[in-house]
Amino acid sequence: MGETIDSKKIRLVKYIAAMQDEDFIDLLGRLIEHTQSSEKSTRNNSLQPIRASQSIADMIREQNYTGFDLEKFNTLIMELDIKDQENQLLQQLTP
């Protein structure tokens, strides 16, 4: 399965703790700071709403929602004439 994230972190911390090259440590610090600020910027940009507000009416119009015809559904149920004593069909679907 591979190395876990915690073991990777520990390995990296040990590696950095043993490092004696100050320039490399500075470079690594800048790289981490840059990565964190880039990730934060990406998250912030990704979570921006497309619009200032969204209404149900807008969604209905945009998705061409026509609604649910309960009368037609009930007629279909009557035509199928399914007999289900004590929810046997549902019990067959449950593990």
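The exercises below, each with a worked solution, deal with a predicted model of a protein.

**Exercise 1. Overall shape**

Describe the secondary structure of the protein and compare its radius of gyration with that of a compact globule of 95 residues.

Solution.
- Step 1: The secondary structure consists of 5 helices and 0 strands. Read from the N terminus, the order of elements is α-α-α-α-α.
- Step 2: For a compact globule of 95 residues, a radius of gyration near 12 Å would be expected, but the protein has 29 Å.
- Step 3: The C-alpha trace spans about 80 × 40 × 15 Å along the principal axes.
- Step 4: Of the 95 residues, 1% are buried. The accessible surface is about 9600 Å², and carbon and sulfur atoms account for 58% of that surface.

**Exercise 2. Salt bridges**

Find the salt bridges in the structure and state how exposed their arginine residues are.

Solution.
- Step 1: Searching the whole structure gives 2 salt bridges.
- Step 2: One of them joins Arg-11 to Glu-3, with 3.1 Å between the closest N and O atoms. That distance falls within the 4 Å cut-off for a salt bridge.
- Step 3: Arg-11 has a relative accessible area of 45% and is therefore partly exposed. Glu-3 is also partly exposed, at 38%.
- Step 4: Another joins Arg-61 to Asp-58, where the closest N and O atoms are 2.9 Å apart. Arg-61 and Asp-58 are about one helical turn apart, because 3 residues separate them in helix H3.
- Step 5: Arg-61 has a relative accessible area of 54%, so Arg-61 counts as exposed.

**Exercise 3. The nonpolar patch**

Identify the nonpolar patch on the surface and the helices that give two or more residues to it.

Solution.
- Step 1: The patch is formed by Ile-56, Met-59, Ile-60, Tyr-65, Phe-68, Leu-70, Phe-73 and Ile-77. Together these residues have about 800 Å² of accessible area.
- Step 2: Two or more residues come from each of helix H3 (56-62) and helix H4 (70-80).
- Step 3: Ile-60 is part of helix H3. With a relative accessible area of 39%, Ile-60 is partly exposed. A patch residue needs over 30%, so Ile-60 passes that cut-off.

**Exercise 4. An aromatic pair**

Classify the aromatic pair in the structure by the angle between its planes.

Solution.
- Step 1: The structure contains 1 aromatic pair. Its members are Phe-68 and Phe-73, with 5.4 Å from centre to centre.
- Step 2: The planes are 55° apart. Stacked pairs are under 30 degrees and edge-to-face pairs over 60, so this pair is tilted.
- Step 3: Phe-68 is exposed, with a relative accessible area of 56%, while Phe-73 is partly exposed at 39%.

**Exercise 5. Around helix H4**

Work along the chain from the loop before H4 to the residue just after H4, noting the phi values and the cap.

Solution.
- Step 1: The loop between H3 and H4 contains Asn-64. Its phi is near 50°, which is positive although the residue is not glycine. Most residues other than glycine have a negative phi.
- Step 2: Asn-64 counts as exposed, with 62% relative accessibility.
- Step 3: The N-terminal end of H4 is capped by Asp-69, which has a side-chain oxygen 3.3 Å from the backbone nitrogen of Glu-71.
- Step 4: Asp-81, just after H4, has a positive phi of about 50°.

Terms used: Residues are numbered from 1 along each chain as its sequence is written. This is a predicted model: local features need pLDDT of at least 70, side-chain atom pairs count only at pLDDT 80 or more; totals for chains, interfaces and linings use all residues. Side-chain values use heavy atoms; hydrogens and water are left out. Patches are made of residues with over 30% relative accessible area and no salt bridge: like charges are joined within 9 Å, nonpolar side chains (Val, Leu, Ile, Met, Phe, Trp, Tyr) within 5 Å. Accessible areas come from the Shrake-Rupley method with a 1.4 Å probe; for residues, only the protein chains shown count as cover. A salt bridge is a side-chain nitrogen of Lys or Arg within 4 Å of a carboxyl oxygen of Asp or Glu. Helices (H or I, at least four residues) and strands (E, at least two) are DSSP runs, numbered from the N terminus. Buried means under 20% relative accessible area, exposed over 50%, partly exposed in between (1.4 Å probe, protein chains only). A polar contact is a pair of N or O atoms within 3.5 Å; within protein, one must be able to donate a hydrogen and the other to accept it, and residues adjacent in sequence count only if both atoms are side-chain atoms. Rings of Phe, Tyr and Trp (its six-membered ring) pair if their centres lie within 6.5 Å; planes under 30 degrees apart count as stacked, over 60 as edge-to-face and the rest as tilted. The radius of gyration is taken over C-alpha atoms; the globule rule is 2.2 Å times the number of residues to the power 0.38.
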